[in-house]
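Here is a friendly walk through one protein model, from a single residue out to the whole fold. Keep the structure open beside you as you read.

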Amino acid sequence: MAIDKVKEYFREYGMEERIQEFDVSSATVELAAKALHCEPERIAKTLSFMLENKAVLIVTAGDAKIDNPKYKAKFGKKAKMLSLDEVETLVGHAVGGVCPFAVNEGVKVYLDESLKRFETVFPACGSSNSAIELTIPELEEYSGYAEWVDVCTECWI
């Protein structure tokens with residue numbers, strides 16, 4: 001299971017015990033916020049796209065939405081999300097548990113600017129009932145991100 005890969009990944013850093021698993025689903029922003037008793041915007045949702053025939057992940061704040069003109073300006077192509085069938089195969093995690101940790105080789109991770117307004121955020125950990133609280137510097141370190149991007153609408157202003 002993908003959560004086992006993520007636990008193994010964080011075990012290397014002595015952080016496996018920080019992964020939270022719930023008796024309820026955390027597969028959506030709303031469900032994760034309820035399970036964690038936090039604001040939905042602090043859920044770090046990981047969206048998967050096809051770019052140049054490869055999967056890429058963009059981690060955004062829970063209240064952010066991809067802005068197609070910004071995405072196209074950054075990546076030179078229209079945003080094309082992976083299908084449900086493609087996500088697990090290409091990324092290594094199933095929908096509802098997609099996260100930027102322990103992903104398949106060659107999957108690039110981008111962090112969206114919408115996350116920078118928080119001290120800590122809660123990304124999933126490979127299953128539809130897990131999360132970990134990370135500071136933004138920790139998210140940078142453990143996600144292996146390629147770069148920060150600004151590809152979301154500013155719906156929080």
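## Starting from L115

L115 has a relative accessibility of 0%, so this residue counts as buried. Please keep in mind that the model is predicted. Along the chain, L115 sits in the loop between β4 and β5 (120–123). Which residues does L115 contact, once its neighbours within four places in sequence are left aside? They are A44, V59, T60, A61, V121, I136, L139 and W148. One of these, A61, is 54 residues away from L115 in sequence, yet the two C-alpha atoms are 5.1 Å apart in space.

Another partner, T60, belongs to strand β3. Is T60 buried or exposed? T60 is buried, because its relative accessible area is 0%. Beyond four places in sequence, T60 touches I43, A44, K45, L47, D112, S114, L115 and C152.

For a contrast, turn to K74 in helix α3. K74 has a relative accessibility of 37%, so it counts as partly exposed. Its contacts, again without neighbours up to four places away, are E147, V149 and V151. Y142, by comparison, lies 68 residues from K74 in sequence and 23 Å from it in space, C-alpha to C-alpha.

Here are the three residues side by side:

| Residue | Location | Relative accessibility | State |
|---|---|---|---|
| L115 | loop between β4 and β5 | 0% | buried |
| T60 | strand β3 | 0% | buried |
| K74 | helix α3 | 37% | partly exposed |

## The nonpolar cores

In soluble globular proteins, nonpolar side chains tend to be buried together. In this model, the largest nonpolar core has 46 residues, and F10, Y71, F101 and L115 touch the most other members. At least two residues of this core come from each of α1 (2–11), β2 (43–51), β3 (54–61), α3 (68–75), α4 (84–91), β4 (108–112), α5 (136–143) and β8 (147–149). Which element gives the largest share of this core? That is β3, with 6 residues.

There is also a second, separate core of 10 residues, and F22, A33, L36 and I43 are among them.

Y71 is worth a click of its own. Not counting residues up to four places away in sequence, Y71 touches F49, M50, L51, V56, I58, I66, G76, K77, K78, A79 and V151. V151 is also among the contacts of K74.

## The whole protein

Now step back to the full chain. The protein has 5 helices and 8 strands, and their order along the sequence is α-β-α-β-β-α-α-β-β-β-β-α-β.

How does the overall size compare with that of a compact globule? For 157 residues, such a globule would have a radius of gyration near 15 Å, and the 14 Å of this protein agrees with that. Along the principal axes, the C-alpha atoms fill a box of roughly 40 × 35 × 25 Å.

Buried residues account for 52% of the 157. Of the contacts between residues at least 6 apart in sequence, 64% join residues at least 24 apart; the pair L115 and A61, 54 residues apart, shows such a link on a small scale.

On the outside, the accessible surface is about 8,000 Å², and carbon and sulfur atoms hold 49% of it. As for charge, the protein carries 18 positive and 27 negative charges, and the mean positions of the two groups are 7 Å apart.

Conventions. Residues numbered from 1 in each chain as written. Predicted model: local features only at pLDDT ≥ 70, side-chain atom pairs only at ≥ 80, totals over all residues. Heavy atoms only, no water. Helix = DSSP H or I, 4+ residues; strand = E, 2+ residues; numbered from the N terminus. Rg over C-alpha atoms; globule rule 2.2 N^0.38 Å. Buried < 20%, exposed > 50% of the residue type's maximum accessible area, 1.4 Å probe, protein only. Contact = heavy atoms within 4.5 Å. Areas by Shrake-Rupley, 256 points an atom, 1.4 Å probe, with all protein chains shown as cover. Lys, Arg positive; Asp, Glu negative; His and termini not counted. Charge placed at Lys NZ, Arg CZ, Asp CG, Glu CD. Core = buried A, V, L, I, M, F, W, Y, C linked by side-chain atoms within 4.5 Å.
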